Amino acid sequence: MKFSHQIQFNAVPDWADHYLPYSNLKKLIYTMEKDRVTDGQEHHDTTTNISNTSNEYTALMSNQGKQYTNAPFTTALDKSLDKIIKFYAKKETELYDTLDQLESDLASFFHRQSSHNDEESTLGEDTSAPVHRSADFPRRESTVDGDALPATVISQNLTDNYCSYENTTAVPAWVKNDGTEATHELKRRIISLFVLLSELKSFVALNLTAFAKILKKYDKITDSNLKRDYTNGSVQRAYPFKSATKSRLNERIQQTEKAYALLETNNNFDQAIDELKSHLREHIVWERNTVWRDMVGQERRVQTVGVEESTSVTIRLPLGTIKLSRDQAIQMFLLFSSIIAFVILLQVEIFPQEEQNRCFAILVFASILWAGEVMPLFVTALLVPLLIVTLRVMRSDDGHFTRLTAPEATKRVFASMFSPVIMLLLGGFSIAGALSKFGIAKSMATFVLSKAGTSPNRVLLVNMMVATMASMWISNVAAPVLCFSLIQPILRTLPVDSQFAPCLIIGIALASNLGGMASPISSPQNIIAIQNMDPAPSWAEWFTVSIPLCLVGNFIIWLWLTWTYKPEKKTPYINAIRASNDPITGTQVYVAFVTLATIVMWCLAHTYQEIFGDMGIIAIFPILAFFGTGLLTKDDFNNFLWNVIVLAMGGIALGKSVESSGLLKTIAEYIETLVTGMTAFQVLFVFSCLVLVIATFISHTVAALIVLPIVAEVGSRMEDPKPRMLVMGTAFMCSAAMGLPVSGFPNMNAIAQENELGQPYLTTKDFILNGVPSSVFAMLCVTTLGYLIMTLIGL
């Protein structure tokens, strides 16, 4: 949660206007940053020797200029600090006076109770309750003159319930009433006062944190050192943040606790504290629920700004009419179409065996549901084993090919679903989670980006390489999210009409797609490819092919983007990204060591096959190393992409059924007749073109689930069998399909990026003009350079 939301969520609603305006100050910082970059760009254009006198570590302005630019920010801080001081002083005076009055009323109550007990006593013993006198509670005089602030709703309601009894000896009316009623009234007032004093304490702590956060952000953005000076010179010396003021507030809170103990818990101080804190929790929960509803409502209103109302489709039925949105109507059409096709295919005999016909019906049914995303992909994946077992499409593998019963098919399906490939996926998620949680991925990325300098073309290339490198280890789903967050300082300082912003965003998206082929754990389609390669490739073999393809592909796409966008034409100079200055911790060293050790073992998996058996067993090591030591928790485990895991399991089950039913063999024999006489290069080119078209419109993972088993079988039936090469090359093409905004998660994330005005940086036209050519370039790289390398290493 962003700190601006934390303030809104934790602030007292009635005091919201008196907290540090964190969001406004953050906007001021970004405005000042943009002005500094603009001044730096003008200086860059007019000074001929700037390249010889400065680099990416050089401050954009001189020390004198830096002091000058600090003035607007410190002025805004001073104004906010003065507002906080006046509000706190006024509220403190109000609450302390209320507490003094409450103590006076308590003294009157106990005095009357004591007199009443003396009158009823027949033994002449002193049975009076101890009197808690107001003299025990030092009174604080107000130190604020003028600038009266309105009382809050809560405190106003509190003061409305009783009168001010200063300078009068009259006994309050409620004291004269029944003792039980008076006790309840006093209890209610003590609880209300305890809540308000606790909220005042939280007000001080939250504002102190806000000052620290906003000053840290200012120093980071402007490369200044204002935090230490301003905190020590202004914040710590302000009245609400002085140690004496905090101590006095704590003493007053303790007074309310003692008063409650005296009134309610027979001087049991611990019980009084527990009960008061319980009331405080109930009050905070109520407040936060109200604030949370308001925040969610605001977010929803923001998200609906500029969104066109979807066109409704009215369907008239005998029982009434149904109104559906356009998307809902399309999904309903695809659902009914898939069901009709499924029923028809179950009745038509296309293949010689009944199991093959039923398996083909399941394949078409699941493909339509996946391609149209009629329901979540993982739900369709769970539907696959259900249909496999109930329709009995699996056969025995003993050579007799008898149909398996439902219990036998169930065991076979579930045994295949949790394969070593799934463990490899879990190990990859564990490594990605640790690298992200402890800031290793971000630190490495910012270090590389800090070396990029200020040339747009160079910054674009470095960002693309960083996106590919990040995709290699934290998946091409998390990599664009990380990279888009890192480039925010650049985007904030660009002119509104700058072409570098869309160029940079689409460059990161396309590079992240290419990064999907970089390592076996960088994307689900690679996991599916390994499942269909026998024997599975080692990590060394994978890197030998993928890294050159990624480097060459990124360079070609970079050339294309610089030619189409010409980013240096209007933006010859950009703001440099600063490397993180945080020290390296022992935890980060441990995580890096475990990650490198696991990668080395994966690369040498075939060497130690007699010991570990499969790479999936090696994947258990990072899981034990991170979760066993507590570095990753069960919450991190729950945050794994379980929908991707279930999708992969469903795809494995579908592939197993297609193979077991004999359908795969039949389809492969038919395709074999079509590719007879073709070389491995020609077959790879044909399948690459086919997959490029399919994966552009549907999920990359779904395309791999459908096509890769067929490719493996066709490759094994060629005169010169090369199934492993064809499967790897086709899997690479699944990642390289990036022609539309819906072609993969990186593209979806890129199209959602907006500027400060809420306008998207990219449109579908950007992807058609850049994504489609980039996909073609990547396909040519895979079918030429990739084919050459795979042939040389013997795939």
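## Nonpolar surface patch

In this predicted model, F336 has a relative accessibility of 49% and therefore counts as partly exposed, the limit for exposed being over 50%. F336 is located in helix 11, which spans residues 326-347. The residue also belongs to a nonpolar patch on the surface, about 690 Å² in area. Besides F336, the members of this patch are M332, I339, I340, V343, I344, V348 and I350.

## Positive surface patch

A second patch, positive in charge, brings together K213, K216, K220, K227 and K442. Helix 7, residues 179-222, is its main contributor and supplies three residues. K213 sits in helix 7. With a relative accessibility of 42%, K213 is classed as partly exposed.

## Salt bridges

Side chains of opposite charge can pair when their charged atoms come close. The model contains 11 salt bridges. One of them joins K86 and D82, with an N to O distance of 3.4 Å. These two residues lie four positions apart in helix 4 (residues 63-120), so about one helical turn separates K86 from D82. Both ends of the bridge fall in the intermediate accessibility class: K86 is partly exposed at 31% relative accessibility, and D82 is partly exposed at 36%.

Helix 7 holds a further pair, R188 and E185. The closest N and O atoms of this salt bridge are 3.0 Å apart. Because R188 and E185 are three residues apart in the helix, the separation is about one helical turn. R188 has a relative accessibility of 30% and is partly exposed. A salt bridge also links D229 with R228, where the closest N and O atoms are 3.9 Å apart. In that pair, D229 is partly exposed with a relative accessible area of 48%, whereas R228 reaches 52% and is exposed. Elsewhere, salt bridges connect E354, R358 and R403 into a network.

## Helix 20 and its surroundings

Which residues of helix 20 are buried? They are P524, Q525, N526, I527, I528, A529 and I530. The helix runs over residues 524-531 and is mostly covered, with seven of its eight residues buried.

The cover over these buried residues comes from several helices, including helix 15 (420-437), helix 21 (539-565) and helix 24 (615-618). Also among the covering elements are helix 27 (642-660), helix 30 (700-716) and helix 31 (723-736). The loop between helix 20 and helix 21 contains P535. The peptide bond leading from D534 to P535 is cis, its omega being near 0°.

## Loop between helices 13 and 14

The loop connecting helix 13 (377-390) and helix 14 (406-417) contains S396. Is S396 buried or exposed? At 10% relative accessibility, S396 counts as buried, because the limit for that class is under 20%. Leaving aside residues up to four places away in sequence, S396 touches F401, T402, L404 and R412.

R392 is located in the loop between helix 13 and helix 14 as well. Its phi is near 55°, a positive value in a residue other than glycine. R392 has a relative accessible area of 32%, which means that it is partly exposed.

## Backbone at N267

A positive phi is also present at N267, a residue that is not a glycine; the angle is about 65°. N267 lies in the loop between helix 9 (243-264) and helix 10 (269-304).

## Overall architecture

The protein has 33 helices and two strands. Of its 795 residues, 48% count as buried. Among contacts between residues at least 6 apart in sequence, 77% join residues at least 24 apart. The exposed area of the protein is about 38,700 Å², and carbon and sulfur atoms account for 58% of that area.

How values were computed. Residues are numbered from 1 along each chain as its sequence is written. This is a predicted model: local features need pLDDT of at least 70, side-chain atom pairs count only at pLDDT 80 or more; totals for chains, interfaces and linings use all residues. Side-chain values use heavy atoms; hydrogens and water are left out. Patches are made of residues with over 30% relative accessible area and no salt bridge: like charges are joined within 9 Å, nonpolar side chains (Val, Leu, Ile, Met, Phe, Trp, Tyr) within 5 Å. Accessible areas come from the Shrake-Rupley method with a 1.4 Å probe; for residues, only the protein chains shown count as cover. A salt bridge is a side-chain nitrogen of Lys or Arg within 4 Å of a carboxyl oxygen of Asp or Glu. Lys and Arg count as positive and Asp and Glu as negative; His and the chain ends are not counted. The place of a charge is taken as NZ of Lys, CZ of Arg, CG of Asp or CD of Glu. Buried means under 20% relative accessible area, exposed over 50%, partly exposed in between (1.4 Å probe, protein chains only). Contact means heavy atoms within 4.5 Å.
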